[in-house]
Amino acid sequence: MAIQFPDYIEKLKPYIAGKPIEETQREYGVKNVIKLASNENPLGPSPKAIAAIKASLKSLQLYPDASGFHLRSTLAQYEKVTFNEIVLGNGSNEVIELLIRTFCIPGDLMVTSDSVFAAYPISARIQGVDTIFTRMTQDYRFDLKAMLVQIKKNPRVKLVALPNPNNPTGTYVPDSELIPFLREVEKIRKGSVHVILDYAYWEYVTAKDMSNPIRFFKEFSNVSVLKTFSKIYGLGGLRVGYGVMRPELASYVQKVRMPFNVSSPGLVGAQAAMGDLAFVKKSIQVNRAGMKVMSQFYKKEGIPFLPSQGNFFLINTRQAFGMDGGDIFIEFLKKGLIFRPVTNYGMPEWLRVTVGTEAQNKIAMRAFQKLK
Ligand SMILES: Cc1ncc(COP(=O)(O)O)c(C=O)c1O
């Protein structure tokens, strides 16, 4: 019997993850590999998180606390919101999925931009939700006016996805554009269109015209904020993220969420990482220094790049080297350097380069110089 899959599952294009270090070693026979492909923290995990995770291992026979009591309490205090406004996810990716599942039925729509973080359209499609992509502005930023037109025009739009800054572009929406947009969206169809503000890179942001997104969660009735432990806290492998949302909405999302979606090492590791202020501070410093060095390098070498508020840059390899990002990616794998091609984001001529440690950045710069 031929199995019939839903049409939207047939059409699904899977998420393309950064190439793992071990796979690169295996396939290319290189020993020393540097991965600057997934916007990970080059300092590794917070040492306090490692200690807490180790201590938790002796109780692994027990299921985790399904309510995530301690971590949610700490997060509520940190974000200055209430316990019931926090929803934990297996990475913030899961919170994206949970929100779509909670809000949408097949046939509903999500509005976002071209080259948005890929988890959004994929999570939507898995649930039979199509995405309306608006074109980016000429300087590769989200076009909120165009989004507004689409939201108004299509009564089945339930969600708006705004990663800010966006990945892979690194570009951002300033408050001066975001606030009028949120005001307008709140008025549409009695506030039933929900806006996801994804601030995965918030701690890296230096732009003065970007506010802490919790402010928007408080000012608008239809806004959720997503954050993650995968970036500044160096815990991408642990899979912990969270959403801040209205308690009424959170109560629905909690029903959709499976009870043990965050493991017990995940719960304690994330909590300990939040208390490791020295590590967070160091991570911010290393990234700022690296962003400065890399942007100066790209300028000096005439490598076009997009200004970024994250821990990565998108560089135009076609203009700089006459090669698409995908081809350069393969060339560098042979040398033990993993970057991220973004052809799947409709940007074949670009390459995303995560900012690393000082030593890693030096190696990356030397490799680019040799290409010239
Ligand atoms: C904009 C954005 N949101 C969310 C995530 C997902 O993070 P997590 O590891 O918490 O699922 C990423 C990861 O790269 C991201 O770039």
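This is a short chat about a predicted model, its two domains, one helix pair and some backbone details.

Visitor: What kind of model is this, and how are residues numbered?
Guide: The model is predicted; local features need pLDDT of at least 70, side-chain atom pairs count only at pLDDT 80 or more, and totals for chains, interfaces and linings use all residues. Residues are numbered from 1 along each chain as its sequence is written, and side-chain values use heavy atoms, with hydrogens and water left out.

Visitor: Which domains does the assignment give?
Guide: Domain 1 is 7-45 + 277-371, and domain 2 is 49-274. Such bounds come from an automatic or database domain assignment.

Visitor: How many residues touch across the two?
Guide: 32 residues of domain 1 contact 35 residues of domain 2. Contact means heavy atoms within 4.5 Å.

Visitor: What area do they bury?
Guide: About 2800 Å² between them, with 64% of it on carbon and sulfur atoms. Buried area is the accessible area (1.4 Å probe) that two parts lose on being put together, summed over both.

Visitor: Which residues of domain 1 lose the most area to domain 2?
Guide: Y8, Q309 and Y345, together 26% of what that side buries.

Visitor: New topic. Where do helix 3 and helix 11 sit in the sequence, and how do their axes cross?
Guide: Helix 3 covers residues 47-56 and helix 11 covers residues 264-274. Their axes come within 7 Å and cross at roughly 150°. Helices (H or I, at least four residues) and strands (E, at least two) are DSSP runs, numbered from the N terminus. Axes are lines fitted to C-alpha atoms, for helices over the stretch in contact, and angles run from 0 to 180 degrees between N-to-C directions.

Visitor: Parallel or antiparallel?
Guide: Helix 3 and helix 11 are therefore roughly antiparallel; that label takes angles over 145 degrees.

Visitor: Which residues meet there?
Guide: K48, A49, A52, I53 and S56 in helix 3 meet P265, V268, G269, A272 and A273 in helix 11.

Visitor: Now the backbone. Which peptide bonds are cis?
Guide: Among them are N164 to P165, with omega near 0°, and N167 to P168, with omega about 20°. Most peptide bonds are trans.

Visitor: Where is P165 found?
Guide: In the loop between strand 5 (157-163) and helix 8 (175-187). P168 is also in the loop between strand 5 and helix 8.

Visitor: What about phi of S115?
Guide: Phi of S115 is near 60°, a positive value in a residue other than glycine. S115 lies in the loop between strand 3 (109-113) and helix 6 (119-126).

Definitions and conventions:
Parallel < 35°, antiparallel > 145°, perpendicular 65-115°, else oblique.
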